[in-house]
Amino acid sequence: MTDPLRKVREAALELPETAERLSHGQPTFFVAGKQFAQFRDNHHGDAKTVVCVRVSSLDEQTMLLEADPETYSKPAYMPSWLSISLIGEDVDWDHVADRIATSWELAAPRRLLEAGGR
């Protein structure tokens, strides 16, 4: 069994200038003071283990929710974000890491992106 928090932490902290701290009691990852990922385990008793990431638009969010409702959901209190399920043996950790990196790119300052990003 893979430890989901460990995998999320590895993917997030390998990105430039990231930091982890608790936000609302959840392990949360920041770049230049902006949140780009949050790990949630049974958040408010929802029985889900997910990572919440930024999306480029509500259209992207809707498309992903419709394409794979078993993997994606809308996170509570984060209307323009997406939750990715981390439960089960078939979690595609490369995909999760890529979505975390994409979320980092959406939050990172221009200077990091111009320096080569991730």
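Here is a short chat about the predicted model shown above.

Me: Hi! Before I dig in, what is the mean pLDDT of the chain?

Reply: Hello! The model is predicted, and the chain has a mean pLDDT of 92, with 95% of its residues reaching 70 or more.

Me: Good to know. Where is confidence lowest, and where is it highest?

Reply: Helix α4 (residues 110-114) has the lowest confidence, at a mean of 84. At the other end is β4, with 97.

Me: Let's talk about the sheet. In what order do the strands sit?

Reply: Six strands make an open sheet, ordered β1-β2-β3-β4-β6-β5, with antiparallel pairing. The edges are taken by β1 (18-23) and β5, and each has a single partner strand, so one side of each has no neighbour in the sheet.

Me: How many bridges join β2 to β3?

Reply: There are 4 bridges, and the two strands run antiparallel. One facing pair is phenylalanine 29 and alanine 37, the latter in β3.

Me: And what about the hairpin they form, which residue has a positive phi?

Reply: That would be alanine 32, with a phi near 50 degrees; the hairpin of β2 and β3 has 2 residues between the strands.

Me: Moving along, how does β3 connect to β4?

Reply: By 5 bridges, again antiparallel. Alanine 37 turns up here too, standing opposite valine 53 in β4. As for exposure, β3 is mostly covered, with 6 of its 8 residues buried.

Me: So where does valine 53 find its bridge partner in β6?

Reply: At leucine 82. Strand β4 (residues 49-54) pairs with β6 in the antiparallel sense over 5 bridges, and valine 51 has isoleucine 84 as its bridge partner in β6.

Me: What's on the β5 side of β6?

Reply: Strand β5 (residues 72-73) is joined to β6 by 2 bridges, running antiparallel. Isoleucine 84 appears again there, as the bridge partner of tyrosine 72.

Me: Is β6 buried or exposed, then?

Reply: Strand β6 (residues 81-85) has 4 of its 5 residues buried, so the rest of the structure largely encloses it.

Me: Pick a residue from it. What does serine 83 touch?

Reply: Serine 83 lies in strand β6 and has a relative accessibility of 3%, so it counts as buried. Leaving out residues up to four places away in sequence, its contacts are Val50, Val51, Cys52, Thr71, Tyr72, Ser73, Lys74 and Pro75.

Me: New topic: how many residues are in the largest nonpolar core?

Reply: It has 28 residues, and those with the most contacts inside it are Val8, Phe36, Val51, Leu86, Val96 and Ile100. At least two core residues come from each of α1 (4-13), β2 (26-31), β3 (34-41), β4, α2 (58-67), β6 and α3 (93-107).

Me: Which element gives the most?

Reply: Helix α3 does, with 6 residues.

Me: You listed Val96. What does valine 96 touch?

Reply: Not counting residues up to four places away in sequence, valine 96 touches Val51, Ile84, Leu86 and Val91. Val51 and Leu86 are also among the core residues with the most contacts.

Me: Last one, on rings. How many aromatic pairs are there?

Reply: The count comes to 0, taking a pair as ring centres within 6.5 Å.

Me: Then which ring has a charge over it?

Reply: Phenylalanine 30 does: the charged end of arginine 21 sits over its ring, 3.7 Å from the centre.

How values were computed:
Residues numbered from 1 in each chain as written. Predicted model: local features only at pLDDT ≥ 70, side-chain atom pairs only at ≥ 80, totals over all residues. Heavy atoms only, no water. Buried < 20%, exposed > 50% of the residue type's maximum accessible area, 1.4 Å probe, protein only. Pairing = 2+ DSSP bridges. pLDDT = per-residue confidence, 0-100. Core = buried A, V, L, I, M, F, W, Y, C linked by side-chain atoms within 4.5 Å. Contact = heavy atoms within 4.5 Å. Phe/Tyr/Trp six-rings, centres within 6.5 Å; stacked < 30°, edge-to-face > 60°. Lys NZ or Arg CZ within 6 Å of the ring centre and 35° of its normal.
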